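Welcome, and please have your viewer ready. This tour goes from one selection to the next and says what is there at each stop.

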Amino acid sequence: MNLHNEATNELLFVGFNQDYGCIACGTDKGFRIYNCDPFKETHRKDFQKGGIACVEMLFRCNILALVGGGAYPRFPPYKVMIWDDHQNRCIGELSFRSDVKAVKLRRDRVVVVLEHKIYVYNFADLKLVDHIETIKNPAGLCALCPYASNTVLVCPGLQKGHVRVELYDMKKTTIIPAHETSLACFALNHDGTRLATASEKGTLIRTYDTATGNLLQELRRGADRAEIYSICFSPNTQWLAVSSNHGTIHIFKLNEKGKAIQQDSKAKDAPQKEEAPNLKVEDPSKANPKSSFSFMKGILPKYFSSEWSYAQCKIPDSRTIVAFGPSNSIIAVSADGNFYKATFDPEKPGSECKFVARNKIVKKPEEEES
């Protein structure tokens, strides 16, 4: 979450690493890394004049991608600096003609997002391997599957509301007309088989099969417009969490059809046995709540057949990003510098989450001493 254009404290950026185990923060004088469970600051680097507007981790290793920002940028905002924290210096850089909006890393790729273009580089030698033109993308929307088993990149297409899915292993490009209005947010699951999207309207979340582009599920956050700040799949692709400016994090249950995609991709190399088909029927009492008029689907407007969130978590801060923690928990970090951990009951649809931890990333000077 980029905050440098509307910062209210020292935070210029906050984001999770690829497995949601760490939080990376860019500040007006450097960057910090926090462990999520248990919550703890694990590293801090301060520069004399060192605003950092983007910090992208590579899992938990010593390599990070940094972009300067704020009133006194440590690096030019049009450069991506590859920082080795063991050597305490930059070991590579990429320079562009316009400001960098976002950076995504995996062990073999560096992806740099500009307002109208995306560049894909080989990590080992920083050689360009692909470039993609997009519609105007000031928020730097981009998603990259972090694992080597599936090379998938998602970015805005050239038309409003369209998503472009690059399946590099299959040498295939899919364009998904996801929404009628402009895209606000999207996310991939861990193995790149599912995509969730939201538009600037913010009322519906749609999930897709990345290989085919088929719509799998349509989930309703609410009836009123909202600005979606983040979308996150759980590691097992059973749940989806969404945060918005309304201060409520919604947790949705994903259907069996969608989960089967991930299970199949993991099992495709395993020995096959002939077995009788196991037809699992989901208990309706443990699915996402629906309107009592859903039986009239096709007659009444789509609103009445919508799937609503399975659980909700009300956060006192309005601008947050969300990720999943262990044991049916979610983690939220706000632009105000607050950290929240809450648990939800997977057996109770419509329930409220319970807070189990609250901490501060941004502290007052007197709190820093304690």
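Start by selecting Lys 171, which is found in the loop between strand E15 (162–167) and strand E16 (172–177). Strands (E, at least two residues) and helices (H or I, at least four) are DSSP runs, numbered from the N terminus. Lys 171 has a phi near 50 degrees, a positive value in a residue other than glycine. With 79% relative accessibility, Lys 171 counts as exposed; on this scale exposed means over 50% relative accessible area, buried under 20%, and partly exposed in between, using a 1.4 Å probe and protein chains only.

A word on the model before moving on. It is predicted, so local features need pLDDT of at least 70 and side-chain atom pairs count only at pLDDT 80 or more, while totals for chains, interfaces and linings use all residues. Residues are numbered from 1 along each chain as its sequence is written, and side-chain values use heavy atoms, with hydrogens and water left out.

**Strand E26 and its neighbours**

Now select residues 329–334, strand E26, where six of the six residues are buried. Colour Ser 329, Ile 331 and Val 333, which point one way from E26, then Ile 330, Ala 332 and Ser 334, which point the other way.

Next, add strand E25 (residues 320–325), which pairs with E26 in the antiparallel sense over six bridges; two strands pair if DSSP finds at least two bridges between them. Which residue of E26 stands opposite Thr 320? Ser 334 does.

The hairpin of E25 and E26 has three residues between the strands, and there Ser 327 takes a positive phi near 55 degrees. In the loop between E25 and E26 you will also find Asn 328, with a positive phi of about 55 degrees although it is not a glycine. Asn 328 is partly exposed, at a relative accessible area of 32%.

On to strand E27 (residues 338–343), which runs antiparallel to E26 and is joined to it by five bridges. Select Tyr 340 in E27 to see the bridge partner of Ala 332. The hairpin of E26 and E27 also has three residues between the strands, and Gly 337 takes a positive phi near 90 degrees there.

**Aromatic stops**

Switch on the aromatic side chains: a search of the whole structure finds 15 aromatic pairs. Rings of Phe, Tyr and Trp (its six-membered ring) pair if their centres lie within 6.5 Å; planes under 30 degrees apart count as stacked, over 60 as edge-to-face and the rest as tilted.

Zoom in on Phe 96 and Tyr 119, a tilted pair with 5.5 Å centre to centre and 35 degrees between the planes. Phe 96 lies in the loop between strand E8 (89–95) and strand E9 (102–106) and Tyr 119 in strand E11 (residues 117–122), so the pair ties together parts 23 residues apart in sequence. Phe 96 is buried at 9% relative accessible area, and Tyr 119 is buried at 18%.

Then pick Trp 239 and Phe 344, an edge-to-face pair at 5.1 Å centre to centre with 75 degrees between the planes. Trp 239 lies in strand E22 (residues 239–244) and Phe 344 in the loop between E27 and strand E28 (351–352), so this pair ties together parts 105 residues apart in sequence.

For a final selection, take Phe 31, Phe 47, Phe 75 and Trp 83, which form one aromatic cluster.
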